[in-house]
Structure formats: C-alpha cells, structure tokens
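Here is a set of short exercises to try with the structure open beside you. Have a go at each task before reading its solution.

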Amino acid sequence: MKPRHVGRIGVYTFLAFAALFFLAPLYIMVVTSLKSMDEIRLGQLFALPQHFNLDAWRTAWSEACTGVDCGGVRVGFWNSVAIVVPSTVLPIGIGALNGYALSFWKPRGADALFAVLMLGAFIPVQVMIYPLVKVVAAIGLFSSLPGIVLVHIVFSMPVMTLLFRNYYAAVPAELFKAARIDGGGFWRIFVQLMLPMSTPMLIVAAIMQITGVWNDYVLGLVFAGRDNLPMTVQLNNVINTTTGERLYNVNMAATILTSMVPLAVYFVSGRWFVRGIAAGAVKG
Amino acid sequence: MSASNPVEWTALAPVAAAAGVAVRDLAIRFGANEVIRGLNLDVAEGEFLVLLGPSGCGKSTLLHSIAGLIDVAAGRIEIGGRDMTEADPSERGIGMVFQNYALYPTMTVERNMSFGLRVAGLPRAEIEARVKRTAALLQLQPLLQRKPAQLSGGQRQRVAIGRALVREAGVFLFDEPLSNLDAKLRSELRRELKLLHQRLGSTMVYVTHDQVEAMTLATRIVVMRAGLIQQVGTPHEVYERPCNRFVAGFLGAPGMNFINGRLSMLSGGTVFDAPGLSVDLHAYAFAGRAPTDQPVVLGIRPEHVQIGPAGEREATVQLVEPMGAHQVVWLSHGPHTLAAVVHDAQVLSMGQSVRFSIDRSRVSLFDLASEQRL
C-alpha cells in the first residue's frame, strides 16, 4: 500500500472517532428521552429503550413544571419565536443599510463611526448589562418584548454592519456610479439594486442571528421580563425545578426540543452557509 | 429626462440632441493630493473627444468629474451651456459606459436598459419604444431577457453602451470601455463605436490609454500627463507635430527615435549635429524663430527611417521583429540605435550592413531642457 493511502486511512479513522465522540451525548439524550424512569434507573446508559414511548416528550413540551407553572417548554418556545423573528429581521435590515451607507455613500466621519462600532464588538456583554438595564428602564422598555428586541439589535449591530460593509466593499464601485447616473437615490439603489444582490449574505446573516438569539440566555433572562422568558431560560427552570425525583427523560426531551431550531437551521441552510462564506472569501 | 435634452427621437435611428462640454479652471483634490489643477477644456457638440494618457494621468478623474461622480475642489463644469458643477449625476444629461460594464447583475438586459427611464418616471410605452429602438441599433434583441451573467464580455459591453444610449443624453462618457475585451473583440467594437458616433452625431468623451483607439476614434485627442493637458489636436496633428517630447514618445509604436545633439547654423541653414550623425534641417518648419546653437533632441518616427540601396547613410541590422504586415528593424548607426519600419518583403538578417535615409521634412525637434517642440 502506498504511504498516501495509509495517511488517508488514518485521517478517516480519526474523523470517525471524533464523530462518535461528539455524537455519543446526543445518542444518550435521545435514548434516555425515550425510556421510562423505571428503565433509566437500571443505569444502562447506552442501552436502547425496551419500550418505545413518547410520554417524556409530551410532558416536556406541555406539562413540565417551571417553578409553580406547569406548562412545559411550549410557552418558552413561542416566546423565543416572538423574540427571534424581529431580532433577526430588524438587525439584518439595519446592518445591511449601515454596510451600504458606509461602503458607497461614505458620509463624513464614516471611518471613525465604523471604528467605534467595531470597538463595541470586543467589549464583553456582561460589562454593559447593568448600564443597559438602566438605559432600557429609563425609556420604559425594561422587561418587555420590545426591550429584549432592542437589546438584541444593539448587540448584533457591529457584526451585522461588518458583514454587509465587507460584502458591499467587494461590489465594484462602478455599479453604484452607473446607478447614480441612472438617477437612483439612496433608498432606490439600496432596495432595488444592492439588496437583491445580497442574497448569500442575507442568508448567512439570518443563520447567525437566528442561532445566536435563540441560544441567548443571559440577555433573555435579564431583559425579557417574566412573560417573555425565552426557551433557554424556560429549559433551565424545568431542569432546576426538582419536586421529588429528577425526571431525566423529561429533561433530555426538553433539551432536545430547545436545541431543535438551531439544529434545523444548520441542516436546512448548511449548504448556503458554506456558499456565503466561500463567496465572501473569493470576492473579498 | 433633464431639461437640457428636450428633443425626442423620432426616426428609427435615434438622434440625441448633442450638447457641448466646457471645463473651466478645474481643480480636483484627493485629500492633500492635487490630481488636477487649473484645467480648461472645451468639447464641441457632436465631437468625439478622446482623453489619452498613461495610467494615473488624471484622465479618468476628469471624466468622472464631468459625470458628477467626483467632487470638484475649484472651477466650473458646463454641459449644454448650463452650469453643472454641483448638479447630481442624473441631472447632467449624460450617459456613461464603464470599463467593467457595471451591469446590474440581478436584472435582465431589458431591465438594465430601462432602469434609468423607470427612475425618471417615463410612461411605460415610451420606455418600451426607446429600449426597442436602442436594442435594434445595437442588435441586442435576442439578449433582452437574459441576465448579465449569461452574456459574453463583448455582449455585456454592448448592453452597457445600450444602457447609456437609451438615456438619449446630450453627452456620452466612456471610461476605457474596451480595455477588458480581447484584441479581436476590441477592434470589432471599436469599429461599431465609430459607426455609432457617425450615425448618432452625439457628443462623446472617451478615456483610454490605448493610442490605437485614440487615433482611430477621435475627432480630437487630448493628451494628458500628471493632471495637465499636454496637447489638444486632431489625431493627425498630435501624431505629426507633437508639442513636446512626452507626446512624441507616447504616440506611435515602436516609439519615436530620440537622438541628443546640438543645432548649428551653416550657410545653407540649420543643421542638427550629433556624434556620427548630422541632419540638414533647412526644410524643417520651426514652431517659432529658428534657434541657433543650442542642445536639442531630434525625434524621428520609425516609418520615416527608410531602408534601401539608395540610402545616404549606412548601418548594421541589430534585430528584426516581424509583425506580419510589416517588420520593425533595429539599426546600429554609430553610437545610435534607430528603429525602422519596413513595409516591403525585404529579407534582412542580423549583422547585415544596410543603407538608409531619414525623411528630413518630417522629423521633430525638441529643446533638451524644456522638452518643448522647436
């Protein structure tokens, strides 16, 4: 056998083991969620369930208790949807607009503005939480849906702006100039020319925002208020609420349910994600 | 459409109202860097004016300032007799074609061409009629429903020209439109552009660094260097009587032969003297009064060095470059190396001794220090 083939076999062996290593927890979560508590008590972690049943899933979705409420993670799911939709659409829209304005219209002080924005990207969120609580409370949005959406918009602005600014920096300036000669104004060039050209970047930005906002815990916990707690916070409450025995199967099911949305996003858009990154790399 | 272009096309062949351009004391700065200063230029109505110069000479900057895409530091730009210095690009009554086509990638050819007209809010019937007319003129009908990505380079540039023409502007600006095309397409499209200009009679301002494009297309050439206009004239004037050594060397391939020497007065008239070479200049038309005894540079175009048995001077063949239709022969004459263009099928080989003569009536003479034509 040629040495090249030996190397190839080594690589695949390593990849197979890595895949097993990372898939093992998922496997345990899935099988545990399908077992009854009696079966779990046998302690056979890797064994397949003897009686396939979805009771734990049903409980996790609609009956599990978070403190005194026993409505499952369902409430959190819809809260998260209500937070994610505006926190994806608005930051992408504003980020694209920022990137477009910075790349093509170059207003006075644009570079300084962009530098400040980038600086914001490097400051840890925790540092800003307390001042931000004060600010959001002062404008009367603390503990509300608009409040948590506003906070997500603010924290996503550096990355969204950077993403679109770099994307538009790769668009030939002549395209913009041609549109100016054709009489296009600020909004028309953005809406009719630049946005339709930005599909790959829009998809990449959507993936980043949806997964980022969905997985957020701290901001949701602090800013959303009791009625809008996102699914991650709800999940934490389900798992930490112990009345009597710890329902491992319900906890596992609730966890899988919570991570379903980001997983689905990656599976559906993985191809686009890679394409968007690659397109940026070739052009940039 | 802007008020400067009130005439509508009526004939099948579109006729735009050609507008003139006047540039007065123009200055353009990028930061502290003054790219253009004190520039004056007049473009007559219906003229095909070519801005020619090496890269970085400011020719594209000048064109973009006429288009209103670059802010002017000082001076005035008039189009069609109206002050357009501060006007928005779309209000200037111009159409523009860019080197990299700059077609809107998400729109079909038809939408590309109609974009500006839709922005201007023209009636749909008028837009359709104009697009149809322009597409017919440029033979774009089969491509109207395609996206730019489905077109070849030559087709893209024709669409870009169509998008400019459909605006029925008074002035059309071209920024190195053929530079991205291969040699064959370039000469084809060059010919099409010239025919188009003859047919439309519109004012065209065309930027290029390609002297062949400049010579073939222009009614007048503007040669620029370092933000300054060196010479303005017909292709013939600029080629035959270059006003300084830079213009003389920039035009022509292979470049003009330059020989340093001195002028001296003899009884018969002025004579150019260099080591091993003296040229009688009694037939030379001096720009001003004939100077006496000063260091000068003699310029001889390669086609004015004639190789033949009747030649009055002798040289050794250093190198032969066959070009197909002609050959370029490099001659050693004393300490000088001269390029000569030979159009007949003489067989010349390296090291061969040949006779040649210089067409004395068509040489150029420049002052050594100022490099200005004498």
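**Exercise 1. Find the residue of β9(B) that B:Leu52 stands opposite, then work out how its strand fits in.**

Step 1. This is a predicted model, and in it B:Leu52 stands opposite B:Val223 in β9(B).

Step 2. Now look at the pairing as a whole: four bridges join β3(B) to strand β9 (residues 220-225) of chain B, and the two run parallel.

Step 3. Strand β3(B) also pairs with strand β8 (residues 203-208) of chain B, through five bridges, and this pairing is parallel as well. Here B:Phe48 stands opposite B:Met204 in β8(B).

Step 4. How many of the five residues of strand β3 (residues 48-52) of chain B are buried? Five of the five are, so the strand is mostly covered, a residue counting as buried when 20 or more other C-beta atoms lie within 10 Å of its own.

Step 5. Sort these residues by direction. B:Phe48, B:Val50 and B:Leu52 point one way from β3(B), while B:Leu49 and B:Leu51 point the other way, and all are buried.

**Exercise 2. Write down the strand order of the open four-stranded sheet in chain B and pick out its edges.**

Step 1. The order is β2-β1-β4-β5 (chain B), with antiparallel pairing.

Step 2. Why do β2 (33-43) and β5 (82-83) of chain B stand at the edges? Each has a single partner strand, so one side of each is left without a neighbour in the sheet.

Step 3. Take one pairing in detail: strand β1 (residues 21-30) and strand β4 (residues 74-79) of chain B run antiparallel and are joined by five bridges. In this pairing B:Val23 stands opposite B:Ile77 in β4(B).

**Exercise 3. Decide which residues of helix α3(B) are buried and where they sit around its axis.**

Step 1. Start with the helix itself. Helix α3 (residues 124-137) of chain B has 14 residues and reaches 20 Å from its first C-alpha to its last, close to the 20 Å expected at 1.5 Å a residue.

Step 2. Its buried residues are B:Ile127, B:Arg130, B:Val131, B:Thr134 and B:Ala135. They cover an arc of only 130 degrees around the axis, which puts them on the same side of α3(B).

Step 3. Turn to the face pointing away from that buried side: the exposed residues B:Ala125 and B:Glu126 are carried there.

Step 4. What covers the buried residues? The cover of α3(B) includes α2 and α4 (153-165) of chain B.

Step 5. Finally, step just past the end of α3(B), where B:Gln139 takes a positive phi of about 55 degrees.

**Exercise 4. Describe the fold and overall dimensions of chain A.**

Step 1. Chain A has 13 helices and zero strands.

Step 2. Compare its radius of gyration with the globule rule: chain A has 24 Å, whereas a compact globule of 284 residues would have a value near 19 Å.

Step 3. For its extent, the C-alpha atoms of chain A fill a box of roughly 75 × 70 × 30 Å along the principal axes.

Step 4. Of the 284 residues in chain A, 33% are buried.

**Exercise 5. Is A:Leu117 buried, partly exposed or exposed?**

Step 1. Locate A:Leu117 in helix α5 (residues 110-122) of chain A.

Step 2. Count its surroundings: A:Leu117 has 18 C-beta neighbours inside 10 Å, so it counts as partly exposed.

Step 3. Leaving aside neighbours within four places in sequence, A:Leu117 is in contact with A:Met157, A:Pro158 and A:Thr161.

**Exercise 6. Find what A:Gly183 touches, then look at the contact between the chains.**

Step 1. A:Gly183 is in the loop between α8 (173-181) and α9 (186-197) of chain A. With 22 other C-beta atoms within 10 Å, A:Gly183 is buried.

Step 2. Beyond neighbours within four places in sequence, A:Gly183 is in contact with B:Ser90, B:Gly116, B:Val119 and B:Ala120.

Step 3. Widen the view: the contact takes 14 residues from chain A and 16 residues from chain B. On the side of chain B that touches chain A, the largest share, three residues, comes from α2(B).

Step 4. Classify the residues on that side of chain B: twelve are nonpolar, four polar and none charged.

Definitions and conventions
Residues are numbered from 1 along each chain as its sequence is written. Chains are lettered from A and ligands numbered from 1 in the order in which they are written. This is a predicted model: local features need pLDDT of at least 70, side-chain atom pairs count only at pLDDT 80 or more; totals for chains, interfaces and linings use all residues. The radius of gyration is taken over C-alpha atoms; the globule rule is 2.2 Å times the number of residues to the power 0.38. A residue is buried if 20 or more other C-beta atoms lie within 10 Å of its own, exposed if 12 or fewer, and partly exposed in between; C-beta atoms are placed from the backbone. Two residues are in contact if their C-beta atoms, placed from the backbone, lie within 7 Å. Ala, Val, Leu, Ile, Met, Phe, Trp, Tyr, Cys and Pro count as nonpolar, Asp, Glu, Lys and Arg as charged, and the others, Gly among them, as polar. Two strands pair if DSSP finds at least two bridges between them. The expected span of a helix is 1.5 Å times one less than its number of residues. The arc is that of the directions from the helix axis to the C-beta atoms.
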